[in-house]
Every structure is written in C-alpha cells, then in structure tokens.
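Me: I'm new to this one, so please pick a single part and take a close look at it. Start from one residue, then show me what surrounds it.

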Amino acid sequence: MPAVQPLPPDPPTPSLRAIHVMAGVITDARGRVLLARRSAGRELAGLWEFPGGKVEPGEAPEAALARELGEELGIEVDVGDALMVVPHQTPSRLLRLDVRRIRAWRGKPRGCEGQGLAWVQPDKLHRYDMPAPDRPVVAALLQPDHCLVTPVPEDDAAWLAALEAALARRVQRVQFRMPGVAPERQHRLLAQAVARCRSFGAQLLVNGSPELAQEHGIGLHLPSAMLRGLQARPLPAGQLLSASCHDAAELAQAEALGCDFAIVGPVLATPSHPGQPGIGWAKFEALRQTVSLPIYAIGGLAADDLAIARGHGAQGIAAIRGLWSTSPAG
C-alpha cells in the first residue's frame, strides 16, 4: 500500500478549537497491537486508544509522537509511514487524529502515567471500547482498502474474466451492481461472482436485494433511497451491510442501522456524470467528522488515490472504472 500523505487540514469552523493529536500503531513480534487505557480523571476515562498525544505549537508531528510515546510508555521509537488521518468533531472542538505506524521501538512499554496497557491480537481489537476517532483506525488496519463496484457487462465471459483479474490483483471487497440487467442474467452472473469471490477469499455484497443476500449468504449494499426507508438492520449480524450516503443524515442512519461501512461521494467529477462537480475533499472530510464507521470515497478515483483518501479519513477507495480491468491479469 502506498504511504499515506496527510494533507494540510482545512480551516476549522471559527467557533471550534482545533487539536492535532498524534497516535502510533505499535506491534510486537507476535503481531499484537498495543492499546492504552485512558486513566481515571481524564475525559473518556476507561476507553482504550492507540497511544500518543497532542502536538505542541511549533512541534513537528513526528517529533511530537516520539516525545509522547517516550513520556507515556518509556520507549524510543522510529516513526514510520502514515496510516490515516481521522477528523472528528465534538460540540467544542475539531480533533485531527494523525495515525502513524511505528517502524521500530526500543525499551519495554509500561504505563508511565498510570494507564493500563494491553497487547491485542488484531482480530480482537474490535472488542475494546474506544473513542470514536480510534474506531476507523481499527478498520484501516483490518479491512480492505479498495471496494470494487462492478460495471454492467456487455459480454458475460469478458465480465467474469475481468472480475477474476481484479480479484487476482487482491481486490478483497466487491459490490455486485447490475442496473438495467434482466433478472435471470443477474442471478446467473451473481452465482458465478459468489463462487469466484469465495475462491479468492474476497467479500461480496449485492446491491439493493436483501433476498439475494440471504439466498447466497453474502453481504448487502443499500442504495441511499433504500437506506432512508429502513428502521432496522435487514440482515443478521455477521453478514456485511453497507450503504451509499450523500449527507450527514444518511451517514447517521447508516451508523444507527449497524452498517459495517458506507460509501460517500462522488468526491470528484466522473465520466458518467459530465458537467456535475463532485463534493470535493473538504466536504467529504466534513462528513467524515460526524460518524465513526469506515467510509470509502467514490467518484473519479483510482487505486493510486488511496493515500489522498486516507489523509482525509477514508477507509479507502470505491470505484468502478478505477478498479476494473477488461483483460485478465497477466
């Protein structure tokens, strides 16, 4: 994955206090991730978080993270690549959680400020109660960073070959979308897509049909109109659920329903909607601030845009053209 390049923050709302916080993803030789528990008397006491702290005025972000980890954990660190930036708004402040991987560390981590520590296997991170800005970081560590949305096929054999090529390139999350395609053809292609995704260990979600999701035991993607009409989760826990969202109300609805992730956009102009500008990264980031679920950016984006997207709080990129190939992988 290319290194994330966090962009300069957009100017905050004048009434909000902006806080830049650094956090480190520290792993041991067994692949476990270090979490720190917020001690009694602090805001959000008892919650678990990725260790770090505030950037002081005039301080370089990497230096701030090294200093904070030294003060909190008693270790020396080599700060590595950026993972993501999570903007999060509260009634009184705008927090930017800037998360870096720790390339190497020296010493034995301990709670120098009385905080509890835990080494956690990555697949157990979701069991720990965390502040809202830390939750998307868990998703970024564990979940796919690309979501392929399938195009309408012209030729079924070529479509299936292109799907296999995408899976061979390690696309691990696929949304099956077939607007205007006859139901019988849709069902035939879906059955073959299910088989191919399972053979590659990839996740598959079908767009707009709870019945097909249940029949095949796969995930469901909710178009925004369907999302707005739901009062309860249409699938049992354990089956992936996602939604297309265009505003804060839809994102709040997706989070309330227990969606596993959302897709937000279009961020940039797209060939399928000529003359219509996208919402832009500033608007995307403003929406990111309102929820803690993973969000993919969609619209005029390709795999190479992952670093920019992560710098604005995205889980990754969702795309049709940007992730699709018309020829098998060579």
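Reply: First, a bit of vocabulary: a strand here is a DSSP run of E at least two residues long, and strands are numbered from the N terminus. Keep in mind that this is a predicted model.

Let's start with L35, which lies in strand β2. Buried means under 20% relative accessible area, so L35, at 0%, counts as buried. What does L35 touch, leaving out residues up to four places away in sequence? Its contacts include W48, E49 and F50, then G116, L117, A118 and V120, and also L125, Y128 and M130. For a sense of distance, take H312: L35 and H312 are 277 residues apart in sequence and 23 Å apart in space, C-alpha to C-alpha.

Now follow the chain on from β2. The loop between β2 and β3 (48-49) holds L44. Most residues other than glycine have a negative phi. L44 isn't a glycine, yet its phi is positive, near 60°. Unlike a buried residue, L44 is partly exposed, with a relative accessible area of 41%.

What packs against β2? Helix α1 (61-73) is part of the story. The buried residues of α1 are A64, L65, E68, L69, E72 and L73. They cover an arc of only 125° around the axis, so they sit on the same side of α1. That spacing makes sense if you know that an α-helix has 3.6 residues a turn, so residues three or four places apart point the same way. Those buried residues pack against β2 (33-37), and also against β1, β4, β5 (76-89), β6 and β7 (117-120). As for the helix itself, α1 has 13 residues and reaches 18 Å from its first C-alpha to its last, close to the 18 Å expected at 1.5 Å a residue. Just after α1 comes G74, which takes a positive phi of about 70°.

Next, the empty space. Rolling a probe the size of a water molecule over the atoms shows where empty space is left. How many cavities of 30 Å³ or more turn up in a search of the whole structure? The search finds one, and about 60 Å³ of space lies in the largest cavity. Its lining is made up of A36, R37, R38, S39, R42, E49, E72, E113 and Q115. Some of these names are linked to what we've met already: E49 is one of the residues that L35 touches, while E72 is among the buried residues of α1. By class, that lining divides into one nonpolar, two polar and six charged residues.

R38 and E49 come up again in the second largest pocket, where they lie nearest the centre along with V21, R93 and L95. In total, 22 residues line this pocket. The elements giving two or more residues to its lining are β1 (17-25), β4 (52-54), α1 and β6 (93-106). About 480 Å³ of space lies in the pocket, and its lining has nine nonpolar, four polar and nine charged residues.

To pull it together: L35 is buried in β2, the buried residues of α1 pack against β2, and E49, a contact of L35, helps line the largest cavity.

Notes
Residues numbered from 1 in each chain as written. Predicted model: local features only at pLDDT ≥ 70, side-chain atom pairs only at ≥ 80, totals over all residues. Heavy atoms only, no water. 1 Å grid on protein atoms, 1.4 Å probe; cavity = no way out; pocket = protein on both sides within 12 Å on 5 of 7 lines; lining within 4 Å. Points joined across faces, edges and corners; volume = space filled by probe spheres on them. Nonpolar A, V, L, I, M, F, W, Y, C, P; charged D, E, K, R; others polar. Helix = DSSP H or I, 4+ residues; strand = E, 2+ residues; numbered from the N terminus. Expected span 1.5 Å × (residues − 1). Buried < 20%, exposed > 50% of the residue type's maximum accessible area, 1.4 Å probe, protein only. Arc of directions from axis to C-beta. Contact = heavy atoms within 4.5 Å.
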